[in-house]
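Got a minute to go through some helix contacts? Let's ask how each label is earned.

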Amino acid sequence: MKFIYQTWWKVLTVILIGSTFITGLLFKVPRLDILHETIRNLYFHVPMWMGMLTVLVVSVFYSVRYLANPKEEYDIAAVECVNTGLFFYAIGLVTGMMWAKYTWGEYWSGDPKQNSAAIAFLLYCAYVVLRNSIDEEQKRAKIAAIYNIFAFPIMVVLIFVLPRMTDSLHPGSGGNPAFGKYDLDNGMKLAFYPAMLGWSFLALWIATLRFRIRTIEYKKNAVN
Amino acid sequence: MLKQTLTLLQKEILIEWRSKYAFNSVLLYVVSTVFVCYIAFSLSPGFQQSAGYPIVWNVLFWVIMLFAAVNAIAKSFLTESRGRMLYYYSITDARAVILSKTIYNGLLMLILSTLTLIIYSLFFTNTLGNPGLYFLAVFLGSVSFSTVFTMVSAIASKAGNGSGLMAVLSFPVIIPVILTLIKLSKNAMDGIDAISTNQYIILLVAINFIVVATSLILFPFLWRD
């Protein structure tokens, strides 16, 4: 876990996200019907989901490690990653809803992508409820780790597989082309990929900070 | 492990055959739910001729099946006493336990959902365009309910407070399955052949495969106290 104490990737995060605000808001974007300037939301909406996915993958990684070797710090890492993931989840949903308002006409139009995302949110809320329902620390950590690993593939099916099979307005779903195919020209790629990387690192950074705070609290409460 | 699974499966069926408690209680639950729906819908005349009838027919069937499945499968681990789990732990492989329970619940759900479909069609008349495909959807539904709920029931029983947690944990997990099932069975009702809806069948098989694989990997960690 030496990685979380290093500085270079935090500096990189600040540079990448800072540059995203300039390139994302000022660079030339293709003129498209309906989308118009809202296409710039691509630099903010999609990276939120990327950030969520990053911390959730890390969370599953630590849940697996907890099952292999039950150390308290792995459990704290897993739960703090899920908490951060839920936060990015909420922002991803809100930015998506704002985008939907200007392109699809309503904040919530019951699109399969939106519904799936809402259900997947419930899936991880159930994880939090499950944790609260168990008092015994080791038992809680173990059962939560098992549920976390169990829930992750279901979440992937819900958000990334199921909407692709139905009629959805969301790009990349229901026969609609994703942005990458036609619209993402080289100018946009220049702003898009750093944004993806930057926000993923930011999610990881928040998770590590939360992890460190929780670890200190845990050590303070520990009986010597 | 295969031999252990078969022995445990035989034991599950034998226990159920002696008391017939789980089967009868869930069957009664399903019959009373169908009858309540029948009475409630017959309060508004002309419903059977209305345009939305086939859609409501299909959705209602799956909602009844969903709640029946939760009731039937929640029992599988919650009723196991601590002593008996300890006994299994000392003589068998953990994977044999979860596998035998999953297969047993699958068989139970298959019989139950077939009976439900018959009773349901008796009260709510409807023509199925492609009965074979509809039955395939029912078969896949039974298997999926059993694989998902058996593992969730194991988690909920370990967490201590039974059926409330079971509902909270299982519904988000089962929603992708039930959405796919409703689409598949609606296609079957409309008489579309299996080839053109095979993407849903593949998705259901894939979800089952993932859930069984994760259950087999995770259950050995779960039951060790």
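Below are a few questions on helices and the contact between chains.

Q: Before we start, what sort of model is this?
A: It's a predicted model, where local features need pLDDT of at least 70, side-chain atom pairs count only at pLDDT 80 or more, and totals for chains, interfaces and linings use all residues. Residues are numbered from 1 along each chain as its sequence is written, while chains are lettered from A and ligands numbered from 1 in the order in which they are written.

Q: Why are α5(A) and α6(B) called roughly antiparallel?
A: The axes of α5 (residues 137-161) of chain A and α6 (residues 131-159) of chain B cross at roughly 160° and come within 10 Å. Angles between N-to-C directions run from 0 to 180 degrees, and those over 145 count as roughly antiparallel, so the pair gets that label.

Q: What makes residues of α5(A) and α6(B) "meet"?
A: Contact means C-beta atoms, placed from the backbone, within 7 Å. I143(A), I146(A), Y147(A) and F150(A) meet M151(B), I155(B), K158(B) and A159(B). By class, that's seven nonpolar, no polar and one charged; Ala, Val, Leu, Ile, Met, Phe, Trp, Tyr, Cys and Pro count as nonpolar, Asp, Glu, Lys and Arg as charged, and the others, Gly among them, as polar.

Q: Which helix gives the most to the side of chain A that touches chain B?
A: Across the two chains, 21 residues of chain A are in contact with 21 residues of chain B. On the chain A side, α5(A) gives the most, with 10 residues.

Key: Helix = DSSP H or I, 4+ residues; strand = E, 2+ residues; numbered from the N terminus. Parallel < 35°, antiparallel > 145°, perpendicular 65-115°, else oblique.
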